[in-house]
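Please open the model in a viewer and keep the sequence panel in view. The tour below proceeds by selections, each followed by an account of what is found there.

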Amino acid sequence: MAIRVKALGGSRLVLLFLSLGLLLAAQAGKILYSVPEETDKGFFVGNIAKDLGLQPQELAERGVRIVSRGRTQLFALNARSGSLVTAGRIDREELCAQSARCSVTFNVLDKMKLFPVEVEIIDINDNTPQFQLEEVEFKMNEITTPGTRIPLPFGQDLDVGINSLQSYQLSSNPHFSLDVQQGSDGSQQPEMVLQSPLDREEEAVHHLLLSAFDGGSPVRSGTLRIRVQVVDVNDNPPTFTQAQYLTSVPENLPLGTQLLTVKATDPDEGANGEVTYSFHNVDHKVAQVFHLDSYTGEISNKEPLNFEEYTVYPMEIQAQDGAGLMARAKVLVKVLDINDNAPEVTITSVTTAVPENFPPGAIIALISVHDQDSGDNGHTTCSIPGNLPFKLEKLDDNYYHLVTERTMDRELTSRYNITVTATDQGTPALSTEAHISLQVTDINDNPPVFPQNSYSTYIPENNPRGASIFSVTASDADSDENGQITYSLAEDTIQGAPLSSYVSINSDTGVLYALRSFDYEQFRDLHLRVMAHDRGDPPLSSNVSLGIFLLDQNDNRPEILYPALPTDGSTGVELAPRSAEPGYLVTKVVAVDRDSGQNAWLSYRLLKASEPGLFAVGLHTGEVRTARALLDRDALKQSLVVAVQDHGQPPLSATVTLTVAVADSFPDVLADLDSIESSTDRDNSSLTLYLVVAVAAVSCVFLAFVIVLLALRLRRWHLSRVLQASGGGLGGVPASHLVGVDGVRAFLQTYSHEVSLTADSRGSHVIFPQPNYADTLISQESCGKKDFLSAPQSLLEDKKETFSQVNFSE
């Protein structure tokens, strides 16, 4: 129990006994407080933090707040002290009218949990008793018998309890006294009683004062002036046809609608029989809603009826004739509720973003539904669409929890727009929608995915280093970092070397690059695994196999296996007997190509022969056969040059020189070879001498030619100087870049020299073929003079020698 004393105004002291002040009891699970009305803003109501078992600073940290509906927020939380205080002035009469007990209920929300709180508003004596009218007038016949009772208007005090109206007092008058009757509902009904007969001629008008007092401290009072006019005899008062009138009307009745008509009759004649109607003892709010025609007794509404405010409007109608006699009847207007209020949906607390692995049963929002109608019109149901992973759980007092019903998948739905529909059970039913937008945040629950289970690609060999050879791309259904992918290669080795020395991959784009030039003859395919990792926590990964197949290029010349190039200084000789018939197999050229496919297909042809037409070579077999019969005039030693060419693009080739000895037996071959070698040595010595002399002669001729050209150049320069000195007109002619005399122009010659090596390393030949001239001396007079240039060629015209050699050319 707590007692608070508060002074309201300088002239009045109010001792407020808060017998239930600051009372916290577990009554129906509610936290109970009490507070007097008319307190200032910030008035202490109770320590809500303590009653919730929290520290004051935890109120803000936990987001504790007040949730209420249907009225202005009357209370607030002081986050510093943890107290419940008033948010403004509280008028008990405005909240609860004249209810015996006035309380305000609301809920305190703490992390989706509701704690009901009830605060009783204690009445103070802040209202004065009042009469609806300032003055009333009664007409009484002078023959009215003593003891006649005249009902007086009763006063109204908006306060309750001891502060409400407690007593009446009538001013002193010898003819009238006051008698207060106790009503069935406990109300006091004042009546004025005639004590002694009236005499209009003695006193036509009597003035009285009725006072109403409350029981507050200090006592408040209100007054009503009463005017009693004494009239002549009127022996019949008005009479209502019904003692009580009852009608039922819907609350949506249009303004000005006639509700009912009261009827009172008076058998007197003239003014004594004229009846007028008026309200008597009607609440001022009710009087503002209805209109009474004082002559016809018709009652109509001048303001809208509201079932939520009044279910029944009680009225008392007074009928009075011209002589002042009165009669009264009760009128009850029952208001029928119609479904004119749609449910109110309030999202009290809501979570706007949740992870996709949010567990089932987790609370998303706290929803409050309220309908001001009553009965079925006020019964509400709350629902959400059935295709959502959520459900509504109903709590007490029309509160609902929106909870998850199953786990969510952001990759399927990243945002939910939840429509909460509250529908009442009226006819027709009214509904209200509220919308909740919920963002589903991503978790790393999806690994990267490659569109194919495996990849293969073909690249030509001899690729440039650093070239892009392939690109892989994976996708990840997650977002942000969970969906960002990096690529790498699984560790592996190729022919003992790490895979990373052959290829690399761009970690961001998935593009593979060759780190070296691949050789089809070294390996023909690479098999590796590409890894894709996302950047989630923990990271997820996947891999895919990639096969890289090399395409052969024609990068290898044919290799001649037979006849092999001798390594011991000897000369390989093939034997052909003189008696050989056409088609005789002399030997076979055997060659291979390291390439594959078309690049390794070989064809053979006879490139050169010392005796044309004597031998033939198989195109695909490489077999060297005689093309005709051998004759006595055929040389004993024949030289053949066989070319082997593949079918690549471009084709590559190799040549081999064969020496064929013509003899009937092997001893003859040896004797013939000895004579051939001796003759060859002598011929080689003579030929070498001739070549040296020829080269020396050509060099001397060339040197003499250059000297002559220089002399001619000097002579021309001298003549031009003489002409300039003599004033000739040749000074402006530009000097030619060529040496020329009398129209002859000379250019330097260039010679091509070919050196051929024999299979025998002990001897060689320097051959000077016919010169290739870059330019020649051309003149109309000397265009046919070339004899001094043909000397080197004449040295070799009749010389026939056979060489065993291998030449490679493209």
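Which residue stands opposite Leu 602 in β50? Select Asp 646, for that is the residue of β50 facing Leu 602.

**Before going further**

The model is predicted: local features require pLDDT of at least 70, side-chain atom pairs count only at pLDDT 80 or more, and totals for chains, interfaces and linings use all residues. Residues are numbered from 1 along each chain as its sequence is written, and side-chain values rest on heavy atoms, with hydrogens and water left out.

**The whole chain**

Display the protein chain in cartoon form; six helices and 55 strands are present. Helices (H or I, at least four residues) and strands (E, at least two) are DSSP runs, numbered from the N terminus. Of the 810 residues, 38% count as buried, where buried means under 20% relative accessible area, exposed over 50%, and partly exposed in between (1.4 Å probe, protein chains only). Among contacts between residues at least 6 apart in sequence, 66% join residues at least 24 apart; contact means heavy atoms within 4.5 Å.

**First selection: residues 637-646**

Select strand β50, residues 637-646. Eight of its ten residues are buried, so the strand is largely enclosed by the rest of the structure. Two strands pair if DSSP finds at least two bridges between them. Add strand β47 (residues 602-609), which is joined to β50 by seven bridges and runs antiparallel to it. Then add strand β51 (residues 653-662): nine bridges join β51 to β50, again antiparallel. Within this pairing, Gln 638 has Val 660 of β51 as its bridge partner. β50 and β51 form a hairpin, with six residues between them.

Remain in β47 and select Leu 606. This residue is partly exposed, with a relative accessible area of 29%. Neighbours within four places in sequence aside, Leu 606 is in contact with Phe 615, Val 617, Leu 640, Val 641 and Val 642. Gly 622 is 16 residues from Leu 606 in sequence, and their C-alpha atoms are 9.5 Å apart.

**Second selection: a sheet of four strands**

Move to the open sheet with the order β34-β42-β41-β36, in which the pairing is mixed. β34 (454-460) and β36 (485-489) stand at the edges with a single partner strand each, so one side of each has no neighbour in the sheet. Neighbouring strands are turned by 30° against each other on average, direction ignored; axes are lines fitted to C-alpha atoms, for helices over the stretch in contact, and angles run from 0 to 180 degrees between N-to-C directions. Select β41 (residues 525-534) together with β36: five bridges join these antiparallel strands. Here Leu 489 stands opposite Val 530 in β41.

**Third selection: aromatic rings**

A search of the whole structure finds eleven aromatic pairs. Rings of Phe, Tyr and Trp (its six-membered ring) pair if their centres lie within 6.5 Å; planes under 30 degrees apart count as stacked, over 60 as edge-to-face and the rest as tilted. Select Tyr 502 and Phe 523, an edge-to-face pair with centres 5.6 Å apart and 75° between the planes. Tyr 502 lies in the loop between β38 (497-498) and β39 (503-505), and Phe 523 in the loop between β40 (511-514) and β41, so the pair ties together parts that are 21 residues apart in sequence. Both residues, Tyr 502 and Phe 523, are buried.

Add Arg 516, which lies over the face of Tyr 502, at 4.1 Å from the ring centre. A charge sits over a ring if NZ of Lys or CZ of Arg is within 6 Å of the ring centre and within 35 degrees of the ring normal. Elsewhere, select Phe 290, Tyr 310 and Tyr 313, which ring pairs link into a cluster.

**Last selection: a sheet of three strands**

The tour ends at an open sheet with antiparallel pairing and the order β4-β7-β6. Its edges are β4 (44-46) and β6 (75-78), each with a single partner strand. Two bridges join β4 to β7, and Phe 44 stands opposite Val 85 in β7.

Select Thr 86, in strand β7 (residues 83-86). Is Thr 86 buried or exposed? Thr 86 is buried, with a relative accessible area of 2%. Residues up to four places away in sequence aside, Thr 86 touches several residues, among them Val 35, Phe 43 and Leu 74.
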